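Let's take a friendly walk through the aromatic rings of this protein and one of its pockets. Have the sequence and the model open as you read.

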Amino acid sequence: MSSNALPPVVDAEAWQHQLDALRAREKAATRELDAIAAQRRALPMVELPGYTLEGETGPVRLADVFDGRTQLITYHHMWFPGETWQCGGCTGFTAQFTRLEFLANYDARFVIVTQGPIDEALAYKRRVGNRMTWYSTANSSFGTDVGAPAGGGFAVNVFLRDGDTVYRTWHTDGRGTEQLSHSFALIDLLPYGRQEQWQDSPAGWPQSPTYSRWSSAREIAAHYGDPVA
């Protein structure tokens with residue numbers, strides 16, 4: 001007999017009955033997410049001043065970070081001065097995004113902005129094998145003004161460009177970024193889920209302290225990074 005905690009075993013008919021009940025809730029959640037997205041599209045926006053960031057080839061206006069497109073998503077990567085390994089959560093989150101070309105079909109772009117100096121930020125990008133384009137706001141108030149100050153947390157912001165004028169249309173941080181992640185979406189399908197202590201799981205399910213199963217920045221670098229960076 002197995003010593004592992006296991007779900008109850010039932011016949012196929014009983015399993016299908018419970019799956020159908022769950023599916024009703026899943027479909028309701030999908031419709032609610034559609035309604036939330038509609039409300040997000042209807043949000044007003046805020047006009048921004050003309051920020052200048054630092055890119056791989058030097059200073060770049062925020063309007064030019066769009067690279068000719070009208071919509072822009074920025075992920076604000078936490079940065080700790082002098083550290084070899086930056087936030088594992090940010091590193092793991094952004095490591096997911098290896099195919100972003102499809103956004104061009106929607107007149108959009110997705111980039112990373114960090115408070116770290118651009119040379120250090122680009123070196124870290126290579127070290128961990130990140131594929132996204134990076135910019136630095138170390139010499140600009142941009143990060144602070146959009147909810148990602150130096151020494152602060154991570155954030156996602158969305159912008160709309162009309163000519164050279166840029167508007168801020170949406171922002172989230174904390175667990176609000178999970179909707180952009182396929183990692184948690186896959187893990188949440190598993191019988192044991194994330195295996196974190198805060199989760200509502202049946203008695204006996206494996207559970208560990210929050211974050212303890214997350215890949216570290218060093219582990220991500222071992223999988224994807226440049227060993228000489």
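## Rings and a pocket

At 24% relative accessibility, Phe 154 counts as partly exposed, because buried means under 20% relative accessible area, exposed over 50%, and partly exposed in between (1.4 Å probe, protein chains only). Residues are numbered from 1 along each chain as its sequence is written. This is a predicted model, in which local features need pLDDT of at least 70, side-chain atom pairs count only at pLDDT 80 or more, and totals for chains, interfaces and linings use all residues, while side-chain values use heavy atoms, with hydrogens and water left out.

How many aromatic pairs does the structure hold? There are eleven, where rings of Phe, Tyr and Trp (its six-membered ring) pair if their centres lie within 6.5 Å, with planes under 30 degrees apart counted as stacked, over 60 as edge-to-face and the rest as tilted. Two of these pairs are set out here.

| Pair | Centre to centre | Angle between planes | Class |
|---|---|---|---|
| Tyr 75 and Phe 154 | 6.4 Å | 20 degrees | stacked |
| Phe 142 and Phe 159 | 5.7 Å | 40 degrees | tilted |

Tyr 75 sits in strand β4 (residues 71–77) and Phe 154 in the loop between α5 (142–145) and β7 (155–162), so their pair ties together parts 79 residues apart in sequence. Helices (H or I, at least four residues) and strands (E, at least two) are DSSP runs, numbered from the N terminus. Tyr 75 is buried, at 2% relative accessibility. Phe 142 in helix α5 and Phe 159 in strand β7 are 17 residues apart, and their pair also links distant parts of the chain. Phe 142 is buried at 0% relative accessibility, and Phe 159 is buried with a relative accessible area of 1%.

Ring pairs also join Tyr 75 and Phe 154 with Phe 93, Phe 97 and Phe 110 in a cluster.

Phe 93 takes us on to the second largest pocket, where this residue is among those nearest the centre, along with Gly 89, Gly 92, Phe 184 and Trp 214. The lining has 40 residues, and α3 (88–95), α6 (182–187) and α7 (217–224) each supply at least two of them. Helix α3 gives the most, with seven residues.

Phe 184 has a charged partner too: Arg 194 lies over its face, at 4.1 Å from the ring centre. A charge sits over a ring if NZ of Lys or CZ of Arg is within 6 Å of the ring centre and within 35 degrees of the ring normal.

Notes. 1 Å grid on protein atoms, 1.4 Å probe; cavity = no way out; pocket = protein on both sides within 12 Å on 5 of 7 lines; lining within 4 Å.
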